[in-house]
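Good morning, colleagues. Please bring up the sequence and the structure, and keep both in view while I speak.

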Amino acid sequence: MLILTCPYCGVEADETELAPGGEAHLKRETVGASDEAFEDYLFRRENPKGVHFERWRHAYGCGKWFLAARHTVTLEVYGTYPAQTPEPPKDIVAAIKKRLPEWEGRG
Amino acid sequence: MSHRLDGKGRLIDRSKQLRFTFNGKSMTGYEGDTLASALLGAGQSVMGRSFKYHRPRGVVAAGVEEPNALMNLGRGGRFEPNQRATTTPLFDGLTATSQNHWPSLDFDVGAVNDMAARFLPAGFYYKTFMFPRFAWKHVFEPFIRKSAGLGQSPTEPDADRYEHAYHHTDVLVIGGGVAGLTAARAAGAGGAKVMVLEQTAHWGGRAPVDGGEIDGTDPETWVNSAVEGLENAQNVTLRPNCMGAGVYDHGYVLGYERVAETTPGDGRPRHRLWRIRAKQIVTATGAIERPLSFPGNDVPGVMLASAVRDYVVNWGVAPGKRTVIVTNNDDAYLTALALKAAKLEVPAIIDVRPTLMGPLAEKARKAGIRLMSGKALVGVKGKKGVTAVMVSDLEGKASPEAIDCDCVAMSGGWSPVVHLWSHCGGKLTWDDHEAIFKPDPTRPPLGADGQAFVATAGNASGAMGLAEALADGHEVGRQAAKAAGGTLTRKAAPKAAETERQPIKQVWIMPTSAGPDKRMKMWLDYQNDVKGSDVQLAAQEGYQSVEHAKRYTTLGMATDQGKLSNINGLAVLSDALGQPIPQTGTTTFRPPYTPISMGAIAGEARGPLFQPIRRTPMHALHETAGAVWEPVGHWRRPFCFARTGESDHEAVNREIVNTRENVGMLDASTLGKILVTGPDAGKFLDMLYTNMMSTLPVGKCRYGLMCSENGFLSDDGVVARIDEQTWLCHTTTGGADRIHGHMEDWLQCEWWDWKVYTANLTEQYAQVAVAGPKARKVLEALGGMDVSKEAMPFMTWHDGTLADIPARVFRISFTGELSYEIAVPANRGAELWEKVREAGAEHGIQPYGTEAMHIMRAEKGFIMIGDETDGTVIPQDLGLHWAISKKKEDYLGKRAQERSFMASPDRWQLVGLQTLDGSVIPDGAYAVGEGRNANGQRNTIGRVTSTYYSPTIRKGIAMGLIHEGPQRMGEVVDFATLDGTGTVIKAKIVDTCFYDKEGAKADV
Amino acid sequence: MSKAVSALNGATVTGFARVTDTGCRGMITLRGAPEVLTRVATAIGLPTPDTLHMATKEGLAVGWMSPDELLVLCPYEDAPALAETARGAAGKDHALVAVVSDARAVIRVEGEKADEVLRKLTPANLDAFEPGMIRRTRLAQAAGAFWKPDANGFEVMCFRSEAEYVFGLLENAAQKGAELGL
C-alpha cells in the first residue's frame, strides 16, 4: 500500500487517504480535433512497465490534485508535484535519471 | 503413550489447573499449556483425521507449522474451525472437537479412502470427474462435499468484537526470539522508535529450550534481562501475542494481535489488527524444522524432534515413553539429550550420516544412547500410534531391524522462515552447505525510495548457530536504526556460545532407493495428504514448474501453506526432474503468514458500523413516522411512509394521489448543493453543463445536464443564480460528492487559471419539497414570505424567513405540481419539517417518499440519472436537445457527441410506453423485434428504463429506449418476459409525458 | 433564540476516554488567494495559520484546510455576522465565503488516552501531533478532521450526516479494556 507525499500540505498520505486519477499530463482535445487525436486523448493511455506519471487527489485531506512519478514494478516514487504542471518538472526528471540512467523520458 | 512428566515445564503453572473438553470428554491441563500440550499431557495423541484419506493423525509440531492438530473451537457465536491446537492457549472452559471424521475420531467411515489410496493419486479429481458431465453434479460432487473440507462453518454471527489500530514506527522487528530482541536492542540504542511483534506469549523463541550461553549466562536469564531492558526503554514497544502477518509495499505491515482469546466475553476485542507503517522492517522469524519422508511417517507419535523437546521442556509433557530419533543433522541430538534428562528412554538415534564424531554425538554416547550411523528408518509399525520402527541401511537394502518405541522424533534440518521477507519481493538463494533457501540480501524488497526496507535477522537470515544469529541480529538492528533516521549504536553484540555442530547431510527421503510402494506411504504434506509418489507422478506427467506441481498435487496448500512440506516437496520434485533444488525454486509466499480471523480483518466494520449511514436532519422524525427505508448511496431515504395495515405499494399510491390532489412533503435534503463563485464561474458552468448557465438571470433557476468528456450523461439538476458571480448547482443525491470532485478536477488540473471557487454545501441545508395544488397555502400558513405567483414565479428563488427560520425557497418542481423547495440550515431541518406538517395539516399534507417521487416524475416524463442513463446514454438519446446549447463552442462532452456513432439514427431513443392491458412491464425488460440472433434469441430493439404502476392514470406506464422510437409513435412493441414461455407484454409507443403535458399545474 | 439542534444533540459516553458532542458550532469556509485569506483572517481578528495548523483566540479559531482554504470556528450564532465581516474584508477580490456551521458535527474526545481512540480509526500519524495542529484525514470509512484544542483532548469534526457513524466509531474504540497500551 503506497504512501505519497502531498505536495500541497506535506502530509505523507496513506493510499487509503488518496484517490487515483489515471495518467497525468494529458492534453485536452476538443471540438475541432480529428477523430484520431480525440481518440488518443480519450482512450489511449501509457501502460508502462516502468516509470509512470499519474494523477492523485488528496481526497481525504486537503482535496488537492497532485501528480506523482512512480515506477509501476518497484513502486519507487521519484517525486510528487502540483497538478498545475504541464510537463514533468526538471527535478523529477533528474531524480528518475539518477535512478534509471537509461530512461528515455515519457513515451 | 504421551503423558505429563513430574517436575516443572518452564511455561506451565502447576498450581493453576484448567478444565477443558475434547470431543465432549472432560480433561485438565495447566495455565501456560497450549491445547496440544494439554491433550498430550492427558494422553490424547490422536488429534484428528487427515484430509483425503482420513488417516488418524497426531500432533507433529509445537508451533504455527502444525498441519494435523486442527480443531473446532468454542460453541455457537464463538465457534471457530481449523484452529491449531499447538497455538491455542488453554483456558478454563475451553471446548474443542476434532475435525474431518465421521462418525467419530476413533472410527471414521471415510477411512475407506485410505484403502483406495492407490486410486486417489495426484490430479485424481481432475482426471476422474471429467466425464460423464452429469455425474459431477449428481454423483461426485455430493460425495466430495460430504467427505472433503476441514472444519465446519460457523452458523451463528460472531459473538466477539474486533478492532483495527494504526501504528507508525521507525523500526519494526517481527519475531521476539533472541535475534529479534538483539536487533530491537541495537535499533533502540540507535535512537529509533522500535516496535517488536512476537506471535507467542513468550519471549526468546527457541533459545531457552535449545540452550547455549549468552553473555555468560543461560539464554532464559539473558532473555528476561533483555526484555526488561526493552520494556524500560521509552522508544521501544513490545507486543507479545501479535503475529507479523504480512509485509506490503512502502513499509506497510499487518500485525495480528490476540488480545482476549483466553477470556471470551470479557468485553475486550478478541483480536486486533495492527496496520503498521515502518520505515525499516527486521524479520527475525526464526526457522522451522523439516520432517523426514519415510514410510509411515504420518502415524501418530511421529513428530518433529524439536517439538518433542519443546513438549518436554516447556510443558513437562512427554510425547512418548520410548522415543527413537531419526535425523540427518545434529539438532535432533538436543532432543535425545533432553529426553534423557527427563529420564525417558531413547533406544536409538538413527542418523543418515556415515560418521558421527561431533561433540553432540559424543554427549549422546556418554548418555548411553545407541547411535546408528549411515542408517535409515524404513518403516513404522502401528496404526493409531507408533509401536516400533524398522531400521535399515540408507538405501534400504539390508534386512531391517525392529526397534520397539512409542514415539519417533525426526529432523530433516531447519528452514529459515523467509515468508515475510518474500511477501514484498525479497529474493532467496540456495545455501547448499546448510541445505536451505535463505534471503539474498543483495535482492531485498524495495521501498518508496528505491532502497531496501526489509532485512532478516538470525535464523531467518540463514545464520543457524546461536552466536552467528545474535551477531546478525545486532548488526541488522544497528543498520535498521540508521536507515530509519537514527544512529549506529556503538554497543557490542551479545556474546554467545553453544556446542559445535556437524554439517547436515542432504537426505530427503529414506530409504533413498524407495520404490513406489514405499513412496506411497511417505507423507510430504500431512494436511493435504500429499505423498512422495504424488509429486513424482506430477513430475512424470509434465508438471515441471513448482507452481503447477503445487496446484496439481495440492502440496503446500490449505491452512499451513506447506510450512513443513515445501522444501521436502520441492526436493523430491527436483529429484524426479533430475535437476538441482535451486533450479526448481520455491512457490510464492503470500500473506498472511498463518490464517487470521475474518473478524480481525473486518475490525469495527460490522453491525451499525459496517458502513457509514448518512442521515438527514429529519431522519429520526421519519423513523418515528414509520418510514420504510431505501439506501441511496450511503444515505437512507424514506421509500414511503406506510401506515398500519398498508402495503408499501398501497402507501406509495396513497402518497401520490394525495400529492396530486392535496399536497405532499418530501425530505429533499440529500440533493447535492454546490456553490460555484468567481469572475469565471459563468464560463466554467458553461463548460460543465450542456446548456447555457452564464445567461441565467440572478434570482432564476434553470435545469441543466452534465456530461462526461466521453459525451455520456453524468448528472442533472437545477441551477440557481445567486448573484452576479455566484451559482448554486443542485445535483442528484448520489452525485453530490462526485460532481464536486469533477468540478475541482477540471478547475485544478485543466483550467487552473480560471477564477472560480467551489464549496460543497450539501450538508449545510435541510431541504423540504412541498408539492401539490395546495402547496402555496401551506407556505402561506408558515408565514414570513410572499410566495404568490407574482412575487415568486415558477423557476425563481427567494431568500427570506419562513416560520421564523431563515430560508431560501426555490420554485421548482419534480412532480409536475405547484411546488416549493425550502432550504434551511440543517440544524433547523427537523424544526422546519414539523412546522410544515403542522401548517399543512388542514390542507391534508402527507409526507411522501422516494418511490412516490420517482413515479410522479415518470408520469411527467422527467428522466432520472441511473434509470434513463447508465453511462452509455447521451442527452440526445433522451430527446433532451432543448437542453443542449447550439451556441456554445465547447462544453465537456461536446466533441465526443460529434463522433459518428453518437449521431447515428440507429441509437435507441427515449419514448413513453403504455401497456395495452394496463399491466406493468417488468424492470429491465427488453423490447424484441423481428428475427433472431446467432444464439436463437429474438433480436432486441430496445429496453425499458423506468416502469411503474401510475395511480394517477391507473395503468402501467414506462419509459424506454427504442430503436427509431420517436418515429414510431402509436406503434405497439413486444417486451419479453422471463417466465420462459415466450410470452410478451405489448406496449404502445407514446409521448414520455403522461400527465399535464402543458405544464400548467406547476406554473400557477 | 435559535432552536438549532446539532446532529448528536449533546450525546456523551465514557469509556477509557470520554466522547461528547460539543453541540452547534459556528463555521465559515473561506477560499481565496493567500493575501486575501490573510486579510480576511485579520479582519476577523486572527493570524493566518501555518500549513496543517490552527490559530486561536478567545473562542475563535481559524484552521488551515488547503492552500486556498481556511475554516473559521466560532460560536454558532456569530457565524452569519462574521461571514459578513469576511465578505467585507475580501471586498472585490475573488473569494468564497460560506457559512457551513450546520454541515458538520464536532465531537470532543477527552482523557489521558484520547489519542488511542483516534489511533484505531485514522491512518494519520499522531506521534508528533500537538495542540495547535489540525489534520484532515479518514476516520474508518468517513472523511473527518481533528485538532487538539488543549493537551487533554481532541476535537473531531465530520459531516453532519455521518455524525452518528463517527460517534459510534469513537464510542466503540473507547470501550474500557480496549486501551492499546502503547
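Is R31(C) buried or exposed? The model before you is a predicted one, and in it R31(C) has a relative accessible area of 6%, so this arginine is buried, the cut-off for that class being under 20%. Its partner is E744(B): the two residues form a salt bridge in which the closest N and O atoms are 3.0 Å apart. E744(B) belongs to helix α22 of chain B, while R31(C) sits in strand β3 of chain C, residues 25-32, so this salt bridge joins two chains. E744(B) also counts as buried, at 5% relative accessibility.

Let me continue with the salt bridges. Over all chains, the structure holds 77 of them.

A pair within chain B is formed by D877(B) and R907(B), whose side chains meet at 2.8 Å, N to O. This salt bridge links distant parts of the chain, 30 residues apart. D877(B) is in the loop between α25 (850-859) and α26 (894-897), and R907(B) is in the loop between α26 and β46 (908-915). What is the relative accessibility of D877(B)? The value is 4%, and D877(B) therefore counts as buried. R907(B), at 16%, counts as buried too.

In chain A, please look at R44(A) and D40(A), which form a salt bridge with their closest N and O atoms 3.2 Å apart. Here the surroundings can be read from the accessible areas. R44(A) has a relative accessible area of 54%; the exposed class begins over 50%, so R44(A) is exposed. D40(A), with 36%, is partly exposed.

Chain B also contains a network of salt bridges. Which residues does this network link? They are R206(B), D210(B), R309(B), D310(B), D331(B), E498(B) and R501(B).

A further charged feature of chain B is a positive surface patch, formed by K381(B), K383(B), K518(B) and K521(B). Of these, K521(B) can be located in the loop between α13 (516-519) and β31 (523-525).

I turn now to the aromatic residues. How many aromatic pairs does the structure hold over all chains? The count is 15. One of them is made by W430(B) and F437(B), an edge-to-face pair with 4.9 Å from centre to centre and 65 degrees between the planes. Both W430(B) and F437(B) are buried.

Another pair is F684(B) with W751(B). The ring centres lie 6.2 Å apart and the planes stand at 75 degrees; angles over 60 count as edge-to-face, so this pair falls in that class. F684(B) is in helix α21 (residues 681-688) and W751(B) is in the loop between α22 (736-749) and β40 (757-760), so the pair ties together parts of chain B that are 67 residues apart in sequence. F684(B) and W751(B) are both buried. These two residues also belong to one aromatic cluster, together with W746(B) and W754(B).

In chain C, I would draw your attention to helix α4, residues 163-173. This helix is mostly covered, with nine of its 11 residues buried. The buried residues include Y165(C), F167(C), L169(C) and L170(C), and N172(C) is also among them.

Finally, some remarks on the backbone. Most residues other than glycine have a negative phi, and most peptide bonds are trans. Where does chain B depart from this?

A cis peptide bond joins M510(B) and P511(B), with omega about -5 degrees. P511(B) is in the loop between β30 (496-497) and α13. The peptide bond from P591(B) to P592(B) is likewise cis, with omega near -5 degrees. P592(B) is placed in the loop between α17 (581-584) and α18 (598-602).

As for positive phi, H54(B) has a value near 55 degrees. H54(B) lies in the loop between β4 (46-49) and β5 (56-58), and at 5% relative accessibility this histidine counts as buried. R954(B) has a positive phi of about 60 degrees, although it is not a glycine. The loop between β48 (938-950) and β49 (955-963) holds R954(B), and this arginine is exposed, with a relative accessible area of 66%.

Thank you for your attention.

Conventions
Residues are numbered from 1 along each chain as its sequence is written. Chains are lettered from A and ligands numbered from 1 in the order in which they are written. This is a predicted model: local features need pLDDT of at least 70, side-chain atom pairs count only at pLDDT 80 or more; totals for chains, interfaces and linings use all residues. Side-chain values use heavy atoms; hydrogens and water are left out. Patches are made of residues with over 30% relative accessible area and no salt bridge: like charges are joined within 9 Å, nonpolar side chains (Val, Leu, Ile, Met, Phe, Trp, Tyr) within 5 Å. Accessible areas come from the Shrake-Rupley method with a 1.4 Å probe; for residues, only the protein chains shown count as cover. A salt bridge is a side-chain nitrogen of Lys or Arg within 4 Å of a carboxyl oxygen of Asp or Glu. Lys and Arg count as positive and Asp and Glu as negative; His and the chain ends are not counted. The place of a charge is taken as NZ of Lys, CZ of Arg, CG of Asp or CD of Glu. Helices (H or I, at least four residues) and strands (E, at least two) are DSSP runs, numbered from the N terminus. Rings of Phe, Tyr and Trp (its six-membered ring) pair if their centres lie within 6.5 Å; planes under 30 degrees apart count as stacked, over 60 as edge-to-face and the rest as tilted. Buried means under 20% relative accessible area, exposed over 50%, partly exposed in between (1.4 Å probe, protein chains only).
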